[in-house]
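Reader: Hello! I would like a close look at one part of this protein, a strand and its surroundings, along with the pockets in the model. Could you walk me through them?

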Amino acid sequence: MRRLSGKVALITGAGNGLGAATAKLLAEEGAKVIATDIAYESVEKIVEEINKLSKESAIALKHDVSSKKEWLTVVEEGVKTFGPITVLVNNAGILATTKYDQLTYEKWQKAMDINAWGQFVGMQTVIPHMKEAGVGSIINVASIAAVNSSGGLTAYTASKGAVDAMSRAAAVELGEFNIRVNAVVPGTIQTQMLEEAFPTKEIKEASIASQPLKRMGRPIDVAHLVAYLASDESYFTSGTSQLIDGALNVDASSSAAKLT
Ligand SMILES: NC(=O)c1ccc[n+]([C@@H]2O[C@H](COP(=O)([O-])OP(=O)(O)OC[C@H]3O[C@@H](n4cnc5c(N)ncnc54)[C@H](O)[C@@H]3O)[C@@H](O)[C@H]2O)c1
């Protein structure tokens, strides 16, 4: 039996980067996967790849995480296809880079709507199905920016700080229902989002050079951590913030790399 046999996992932002790697790995480990993304064509491609290896183990759904209405629709569709959702990976997110003095209400609110509210309303929608199943693991993707940010990222940092904090609050409130909640806190991981964060090749190279491990993380590295948190191996792990940053946060000499 594979590690995630019998689990039904909903993963948001599964069309690219960390979400795509996670959707593939969780399916490989035996989970049924509901892969959602605002970019339908991207997530459809990932699901085709998954189903080629493991027939009828994933579905792709178009989904804007900031919309409660869309959450209700994708959860209903997912449950109809695979049964009660027992793993939720709140991964979808946007990078919001604006200097402090140019930050507007609209820009602030967009980051909060997608990155923070999108994850909260996801938990709120999925929890009744986890209660029905009698078990659940929620994994919310925060960021090292919630711990230690660099300039121009106030709205992003605030939204990821909210993710980190609300994950702890939810873990306390949901423990009695056998639902575990953890935050994953990545450092610099090589994805499209990171390309946006590094405007020039030089800045990117400087960031790599300043990393203790002299490399960036790969989406699969984060996916392995998510798979552990989704599995019963993490039976007693709840309310934690799991840093996965190659020691970046504890390196006092490193500064240029703390971007996302
Ligand atoms: N890459 C990094 O270094 C890094 C570091 C820390 C945290 N993170 C977090 O990891 C998560 C994944 O990031 P990534 O690097 O894979 O990014 P990415 O840009 O490669 O992928 C993000 C995915 O989210 C989707 N998305 C964007 N807005 C959406 C919305 N409103 N509704 C649904 N889907 C939406 C995009 O279409 C895309 O497929 C994000 O929450 C990000 O903040 C990334």
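Author: Happy to; what follows starts at one strand, moves to its neighbours and ends with the two pockets. Please keep in mind that this is a predicted model.

Let's begin with strand β6, which covers residues 179-186. This strand is mostly covered, with eight of its eight residues buried. Its side chains point in two directions: I179, V181, A183 and V185 go one way, while R180, N182, V184 and P186 go the other. Both sets are buried, and that includes R180 and N182. Buried here stands for under 20% relative accessible area.

Now for the neighbours. Strand β5, residues 136-141, runs parallel to β6 and is joined to it by six bridges. Within that pairing, V181 of β6 has I138 opposite it. The connection between these strands involves helix α5, residues 154-174; together, β5, α5 and β6 form a right-handed β-α-β unit. Strand β6 also pairs with β7, residues 241-244, again in parallel, through four bridges. There, V185 has L243 as its bridge partner. So you can follow V181 to I138 in one pairing and V185 to L243 in the other.

Helix α5 is a handy guide to the pockets, as it contributes at least two lining residues to the largest pocket and at least two to the second largest.

The largest pocket holds about 790 Å³ of space. Its lining has 34 residues, and those closest to the centre are N91, A92, G93, I94 and M193. Besides α5, the elements that each supply at least two lining residues are α1 (17-28), β2 (32-37), α4 (105-133) and α6 (192-197). Of these, α6 gives the largest share, with four residues. In character, the lining is made up of 15 nonpolar, 14 polar and five charged residues.

The second largest pocket has about 190 Å³ of space. Helix α4 joins α5 here, each giving at least two residues to the lining. The residues around this pocket are F120, M123, Q124, I127, K131, M166, A169, A170, E173, L174 and F177. Eight of them are nonpolar, one is polar and two are charged.

To pull the picture together, β6 is a buried strand with parallel partners in β5 and β7. Helix α5 belongs to the β-α-β unit with β5 and β6, and this helix also helps line the largest pocket and the second largest one.

Conventions
Residues numbered from 1 in each chain as written. Predicted model: local features only at pLDDT ≥ 70, side-chain atom pairs only at ≥ 80, totals over all residues. Heavy atoms only, no water. Buried < 20%, exposed > 50% of the residue type's maximum accessible area, 1.4 Å probe, protein only. Pairing = 2+ DSSP bridges. Right-handed = clockwise from strand over helix to strand, strands pointing away. 1 Å grid on protein atoms, 1.4 Å probe; cavity = no way out; pocket = protein on both sides within 12 Å on 5 of 7 lines; lining within 4 Å. Points joined across faces, edges and corners; volume = space filled by probe spheres on them. Nonpolar A, V, L, I, M, F, W, Y, C, P; charged D, E, K, R; others polar.
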